[in-house]
Amino acid sequence: MVARVAGVFDEKLTEAIANSKILVVGAGGIGCEILKNLVLTGFPQIEIIDLDTIDVSNLNRQFLFHKEHVGKSKAQVAKDSALSFNPNVNIVAHHDSVISNDYGVSYFKQFNIVLNALDNRVARNHVNRMCLAANVPLIETGTAGYAGQVELIKKGVTQCYECQPKAPQKSFPGCTIRNTPSEPIHCIVWAKHLFNQLFGEEDPDQDVSPDTADPEAAGDAGSTALTSETSSGNVERKSTRAWAAETNYDPEKLFAKLFGDDIRYLLSMENLWKKRRPPTPLSWDSLPGKDNIEIQHSGLPDQRVWSVYECAQVFAASCKALQTDLKSRPEGDHLVWDKDEKSAMDFVTACANIRSHIFNIPLKSRFEIKSMAGNIIPAIATANAIVAGLAVLRAQALLKGEIEACTSVYLRPKVNHRGQLFVPEKTLTPPNPKCYVCSPKPEVALACNLKHLTLKDLNTAFKEGLNMQAPDATVEGKGLVVLSSEPGETDHNNEKTLEEIGLNDGCALLVDDFLQNYEVRVRLQQEDEEKTWRLVTDADSPMLGPKEEKTANGSSGSEPKPGPSRSKEDSDSDMEIIEEDDDGEPKPKPPKRRRTEMTDEVVELC
Ligand SMILES: Nc1ncnc2c1ncn2[C@@H]1O[C@H](COP(=O)(O)OP(=O)(O)OP(=O)(O)O)[C@@H](O)[C@H]1O
Ligand SMILES: [Zn+2]
């Protein structure tokens, strides 16, 4: 619109906008604002992709959505609402994940600019690679509360989204979660794992039963308990899900096992309690708080701390509701934990608090637990709007060919001493020559124990560590196919160790992802002590190992990625603090370390 009003933009920009084709990835807080800005500026051809549907909780800041849209495709509704501002725009909406095979390199190549308005690292990494492969400039955006940033990523000119290793995400040792919690968050993580074990995608790393391999318990490891009556409910030898299903998800039986038998089992691991206050097992029939229900029922239920008795009631009700939900799905399907899904959130609140009570940890309200479990930094509509505005201004500068002007801009939560709220970098940040994604010859080392790591683990390492979708790997110089993305082609070797298939220390693999048009040379590095695997870049520090990239479910807002400010993963801030020089200008220095998204908690094996 604006672009067509004579005198608003110079001719060059008016023409460039008229001939442009833009892709917006994500139609959430920032994506809606970007789309509205593009449409009102007069961009004539836009595609928008979002995999999600509209939730009530989006309505306070995603202004293209209204109550009647709840449950509908974000991309489609965003398109329809934006068209009401300017019906002359050609908008194509995709209700889909950008990671789908349908959006390959040739798809990306048709756009002049891609604008990212995502909320998770996996999707951001993927779009980064697609834009590098297609050689299309990417404008990456993000906010966290009042902070935000906009950054241009252009192949060979600026650093890419993966040029710097991400800050490690917050993690808790598995044995703390399973055996010796001492903070509410440990119980919340345990409760989320329990949800997955009972109703979600079962993950062996999210075991919730006592960990007999805890080094601290060495020596006693519950051996007495194993033979005693208290272990009768111990279900480690069969899947927790299978056991729960056999009991028909009977809440009393589940309660007796999780909060009675398992706790007695832990107590039998006496070394754990030599310097700690031991937990107290609970029994369904004598729950604290049963006698003063009236007093407890004052105040908003979400903001009041429930008694253990109330938690047990909520536990029973949510178990049944979740069981019904699971049963209504096709065989083999599972639930996905969602902070905005009532029964899922009730279940986690109740279980976390019951466990907290057992371990003498303060209980929390549902409201507080939701924020901790969902890793929520409140999304601020104005921050999203500002960042979206800056992103579209950067898009205009790019179209005019003023690439040098497209430096990263940081929105600060407070004005700095120079009165600045927006702090731009002075120059573009060049690519990291050792980046394992955008350097001309990407290379990375995989530290692992070749005697133990199986091909299946190797596949996981490439998917989780290198963020590949469908890796293929061959031995450098020999062409021998080690892993194939073709279903069934190398599956028969899945359980073989790298040593068994003849791979040794120093051996190099060429690993590629066809969809991402991305190939990296992976050097194998034998480490006897290594329990799983760890990627090491030449650039510096060890990169994330297994599980650490697990993603951002639950993070709120569109988390900023790179840049300056912040605080992850969920929690806890991993926002980068930008240094300023005496003029109050940010120092462009070495490439900025990006922030990581707030994502799920991460559990390390102890
Ligand atoms: N792989 C993906 N493909 C397409 N869209 C994605 C993908 N991953 C995330 N998104 C979308 O990116 C958007 C990010 O927006 P935003 O951060 O505002 O999140 P939200 O889900 O709308 O809000 P909240 O997390 O606070 O509930 C979401 O609409 C989400 O569905
Ligand atoms: Zn890079």
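Modeller: In this predicted model, Ala, Val, Leu, Ile, Met, Phe, Trp, Tyr, Cys and Pro count as nonpolar, Asp, Glu, Lys and Arg as charged, and the others, Gly among them, as polar. By these classes, the shell around ligand 1 has 9 nonpolar, 11 polar and 4 charged residues.

Biologist: Which of the 24 residues around ligand 1 come nearest?

Modeller: Gly 26, Gly 28, Gly 29, Asp 52 and Asp 119 do. Gly counts as polar and Asp as charged. Both α2 (29-41) and β2 (45-50) supply at least two residues of the shell.

Biologist: How is α2 placed against the strands, and at what angle does it run to β2?

Modeller: Helix α2 lies across β1 (21-25), β2, β4 (113-116) and β5, and its angle to β2 is about 170°. An angle over 145 degrees counts as roughly antiparallel, so this value falls in that class. Helix α3 (residues 74-85) lies across β2 and β3, at about 160° to β3; this angle is also over 145 degrees and therefore roughly antiparallel.

Biologist: What makes β3 and β9 edge strands?

Modeller: The open sheet of 8 strands follows the order β3-β2-β1-β4-β5-β6-β8-β9, with mixed pairing. Each of β3 (90-95) and β9 (422-424) has a single partner strand, so one side of each is left without a neighbour in the sheet. From one strand to the next, the twist averages 15°.

Biologist: How do you know that β5 and β6 pair?

Modeller: Pairing requires at least two bridges. Strand β5 (residues 138-144) and strand β6 (residues 147-153) are joined by 7 bridges, so they qualify. These two strands run antiparallel, and Thr 143 has Gly 148 in β6 as its bridge partner.

Biologist: Why is α13 called roughly perpendicular to α14?

Modeller: The axes of helix α13 (residues 342-358) and helix α14 (residues 366-373) come within 10 Å and cross at roughly 105°. The class runs from 65 to 115 degrees, so α13 is roughly perpendicular to α14. Met 345, Val 348, Thr 349 and Ala 352 of α13 meet Arg 366, Ile 369, Lys 370 and Ala 373 of α14.

Biologist: What makes the pairing of β13 with β14 count?

Modeller: With 6 bridges between strand β13 (residues 508-513) and strand β14 (residues 518-526), the requirement of at least two is met. The two strands run antiparallel, and Asp 512 stands opposite Glu 519 in β14. Both strands belong to an open sheet of 6 strands, ordered β12-β11-β13-β14-β10-β15.

Technical notes:
Residues numbered from 1 in each chain as written. Chains lettered and ligands numbered in written order. Predicted model: local features only at pLDDT ≥ 70, side-chain atom pairs only at ≥ 80, totals over all residues. Axes fitted to C-alpha atoms, helices over the stretch in contact; angles between N-to-C directions. Helix = DSSP H or I, 4+ residues; strand = E, 2+ residues; numbered from the N terminus. Parallel < 35°, antiparallel > 145°, perpendicular 65-115°, else oblique. Contact = placed C-beta atoms within 7 Å. Near = placed C-beta within 6 Å.
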